[in-house]
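Welcome! Take a moment to look over the sequence and turn the structure around on your screen before reading on.

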Amino acid sequence: MRRETRQVEAVEIRGEVPVRVMREEIAEEPMVEMRPLVVEDGAPVTAADGQPVFHPVPLFETVDEEVEVIERISAGTRFGLRYDQCLVFETAFLRRVADGLEARLGALETICGLDPAR
C-alpha cells in the first residue's frame with residue numbers, strides 16, 4: 001500500500017456560517033504496475049492512434065509468516081447440576097426416608113397393639 005497525503009476541500013459550520021476549509025487527508029492506495037492490455041488470444045489492444053492500451057495491475061508481496069499453533073488438551077469431562085435439578089433428587093430421597101420411617105412406625109404400633117390407622 002502506498003500512503004499519500006493530500007489536501008481535501010471541506011465545509012465547516014462555524015456559528016451559523018458555512019466556511020470552506022482545506023484539510024490534510026492520508027489516503028492508502030494499492031501499489032500497481034501499468035501493463036499492456038491484451039485480448040484473449042494474446043494480441044495487444046491498441047488505441048485509435050495505434051498506441052498500446054495499458055491497464056493497472058495490483059502488485060502483490062509474498063510474505064512468509066510463522067504461526068504458533070497451540071494444541072488443546074482435554075481436561076476430561078465435567079458434569080454439573082443446577083440447584084433446581086438437585087432439589088428433584090433431594091425430594092426423592094426425603095420421600096424414600098419418610099416412607100421407610102412410616103413403615104417402621106407402623107410395625108412398632110402393630111407390635112404394641114396400637115391402632116396404626118389413627
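Which residues are linked in a network of salt bridges? They are E12, R14 and R23. Keep in mind, as you explore, that this is a predicted model.

**The overall picture**

Let us step back and look at the whole chain. The protein has one helix and four strands. Starting at the N terminus, the order of these elements is β-β-β-β-α. The radius of gyration is 44 Å, well over the 13 Å that the globule rule gives for 118 residues, so the protein is more spread out than a compact globule. You can also see this in the C-alpha trace, which spans about 125 × 60 × 30 Å along its principal axes.

How much of the protein counts as buried? Of its 118 residues, 4% do, where buried means under 20% relative accessible area. The accessible surface comes to about 11800 Å², and carbon and sulfur atoms account for 55% of it. As for contacts between residues at least 6 apart in sequence, 24% of them join residues at least 24 apart.

**Charges and salt bridges**

Now for the charged side chains. The protein carries 14 positive and 24 negative ones, and the centres of these two sets are 11 Å apart. Side chains of opposite charge can pair when their charged atoms come close. In this structure there are six salt bridges, and three of them are set out here.

| Salt bridge | Closest N and O atoms |
|---|---|
| E28 and R3 | 3.7 Å |
| E9 and R20 | 3.8 Å |
| E12 and R14 | 3.0 Å |

Let us take these pairs one at a time. E28 forms a salt bridge with R3. E28 belongs to strand 2 (residues 17-29) and R3 to strand 1 (residues 2-14), so this pair ties together parts that are 25 residues apart in sequence. E28 counts as partly exposed, with a relative accessibility of 46%, while R3 counts as exposed, at 59%.

The next pair is E9 and R20, which also form a salt bridge. E9 sits in strand 1 and R20 in strand 2, so the bridge ties together parts that are eleven residues apart in sequence. Here E9 is partly exposed at 49% relative accessibility, and R20 is exposed, with a relative accessible area of 63%.

The third pair in the table brings us back to the opening question. E12 and R14 form a salt bridge, and both residues belong to the network that also includes R23. Are these two residues buried, partly exposed or exposed? E12 counts as partly exposed at 25% relative accessibility, and R14 counts as partly exposed at 47%.

**Residues to find along the chain**

To get a feel for distances in the model, try locating a few more residues. Begin with D49, in the loop between strand 3 (32-36) and strand 4. D49 counts as exposed, with a relative accessibility of 58%. How far apart in space are D49 and G80? Their C-alpha atoms are 81 Å apart, and the two residues are 31 apart in sequence.

Next comes E71, found in the loop between strand 4 (54-58) and helix 1 (83-112). E71 is exposed, with a relative accessible area of 69%. Between E71 and R6 there are 48 Å from C-alpha to C-alpha, and the two are 65 residues apart along the chain.

Finally, where does L108 lie? You will find it in helix 1. L108 is exposed, and its relative accessible area is 51%. From C-alpha to C-alpha, L108 and V21 are 103 Å apart in space, and they are 87 residues apart in sequence.

**Putting it together**

The chain, then, holds four strands and one helix, and its radius of gyration of 44 Å is well over the 13 Å of the globule rule. Bridges such as E28 with R3 tie strand 2 to strand 1, and E12, R14 and R23 share a network of salt bridges.

Key:
Residues numbered from 1 in each chain as written. Predicted model: local features only at pLDDT ≥ 70, side-chain atom pairs only at ≥ 80, totals over all residues. Heavy atoms only, no water. Helix = DSSP H or I, 4+ residues; strand = E, 2+ residues; numbered from the N terminus. Rg over C-alpha atoms; globule rule 2.2 N^0.38 Å. Buried < 20%, exposed > 50% of the residue type's maximum accessible area, 1.4 Å probe, protein only. Contact = heavy atoms within 4.5 Å. Areas by Shrake-Rupley, 256 points an atom, 1.4 Å probe, with all protein chains shown as cover. Lys, Arg positive; Asp, Glu negative; His and termini not counted. Charge placed at Lys NZ, Arg CZ, Asp CG, Glu CD. Salt bridge = Lys/Arg side-chain N within 4 Å of Asp/Glu carboxyl O.
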